[in-house]
Amino acid sequence: MKIFMRKDLVHVGVAGEILSVDDGYARNFLIPHGYAVIVTEANELSFKKRSLHIEKRQEVIATHTSLLAEKIKKTKLFLKKKVHDDGKLYGAVHASELLELLAQKGISLNKNQLKLDKMVKLGVYVIPVQLTSRLKTELTLEIVAE
């Protein structure tokens with residue numbers, strides 16, 4: 001069955017694509033959840049025009065996102081925290097603190113895009129940043145004692 005993707009879905013397709021999928025998958029999952037619509041002979045030309053428009057828009061967004069990724073990769077954040085005598089931090093480092101530091105440098109991100117998987121202590125850390133489903137970059141964070 002031919003479908004037109006209305007939303008991005010990992011491992012299936014991105015918005016604006018015309019794909020062929022199994023009939024059951026389209027009828028039972030993609031269409032009811034709003035990810036896709038059926039392509040017929042009558043509306044195929046309309047969907048092809050839409051997909052061209054969406055591709056152009058996605059190229060512009062991809063360019064802006066890749067520029068943002070380069071800016072993030074070049075950015076180095078410094079965070080001063082209080083520490084115990086043995087070198088452990090008094091409190092945890094939260095994503096909101098990093099977002100504030102990034103905002104001061106003109107970078108706006110969502111807290112879900114920062115991947116703080118491990119506990120951070122004093123030192124230099126490389127923090128993964130997920131900008132889009134396909135574009136990842138890294139941010140350098142240095143934590144120093146107050």
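Lysine 2 is partly exposed, with a relative accessible area of 36%. I start there since this residue leads into the charged contacts. Before going on: this is a predicted model, and every value I quote is computed from it.

Salt bridges, then. How many does the structure hold? Four. I will go through three pairs.

Lysine 2 pairs with glutamate 44, and the closest N and O atoms of this salt bridge are 2.7 Å apart. That contact links distant parts of the chain, since lysine 2 sits in strand E1 and glutamate 44 in helix H2, 42 residues apart.

Glutamate 44 has a second partner. Lysine 48 also forms a salt bridge with glutamate 44, here with 3.7 Å between the closest N and O atoms. Both residues belong to helix H2, and because they are four residues apart, about one helical turn separates them. Lysine 48 is itself partly exposed, at a relative accessible area of 42%. Put together, Lys2, Glu44 and Lys48 make up a network of salt bridges.

The next pair is glutamate 142 with lysine 76, whose side chains meet in a salt bridge at 3.6 Å, N to O. Glutamate 142 is in strand E6, residues 136-145, and lysine 76 is in strand E4, residues 76-81, so this pair ties together parts of the chain that are 66 residues apart in sequence. Lysine 76 is partly exposed too, with a relative accessible area of 37%.

Now to charges on the surface. Which residues form the negative surface patch? They are Asp8, Glu17, Glu55 and Glu59. Take glutamate 17 as one of them. Its place is the loop between strand E1, residues 2-5, and strand E2, residues 18-20. Is glutamate 17 buried, exposed or partly exposed? At 32% relative accessibility, glutamate 17 counts as partly exposed, because that value falls between the 20% and 50% limits.

The loop between E1 and E2 also holds histidine 11. Its phi is near 70°, a positive value in a residue other than glycine. Histidine 11 has 83% relative accessibility and therefore counts as exposed, the limit for that class being over 50%.

Back to helix H2, which spans residues 44-74 and contains arginine 57. Arginine 57 is partly exposed, with a relative accessible area of 47%. For scale along this stretch, the C-alpha atoms of arginine 57 and phenylalanine 47 are 15 Å apart, with their positions 10 residues apart along the chain.

Next, the interior. In soluble globular proteins, nonpolar side chains tend to be buried together. Here the largest nonpolar core has 22 residues, and Leu109, Leu114 and Ile143 touch the most other members. Which elements give two or more residues to this core? They are H2, E4, helix H3 (95-104), strand E5 (123-130) and E6. H3 gives the most, with five residues.

Helix H3 also includes serine 96. At 42% relative accessibility, serine 96 counts as partly exposed. The C-alpha atoms of serine 96 and leucine 114 are separated by 9.7 Å, and these two residues are 18 apart along the chain. Leucine 114 is one of the three core residues I named a moment ago.

To recap two points. Glutamate 44 in H2 and lysine 2 in E1 are joined across 42 residues of chain. Helix H2 is also among the elements that give two or more residues to the largest nonpolar core. That is what I have for today.

Key. Residues are numbered from 1 along each chain as its sequence is written. This is a predicted model: local features need pLDDT of at least 70, side-chain atom pairs count only at pLDDT 80 or more; totals for chains, interfaces and linings use all residues. Side-chain values use heavy atoms; hydrogens and water are left out. Buried means under 20% relative accessible area, exposed over 50%, partly exposed in between (1.4 Å probe, protein chains only). Patches are made of residues with over 30% relative accessible area and no salt bridge: like charges are joined within 9 Å, nonpolar side chains (Val, Leu, Ile, Met, Phe, Trp, Tyr) within 5 Å. Accessible areas come from the Shrake-Rupley method with a 1.4 Å probe; for residues, only the protein chains shown count as cover. Lys and Arg count as positive and Asp and Glu as negative; His and the chain ends are not counted. The place of a charge is taken as NZ of Lys, CZ of Arg, CG of Asp or CD of Glu. A nonpolar core is a set of buried Ala, Val, Leu, Ile, Met, Phe, Trp, Tyr and Cys residues joined through side-chain atoms within 4.5 Å.
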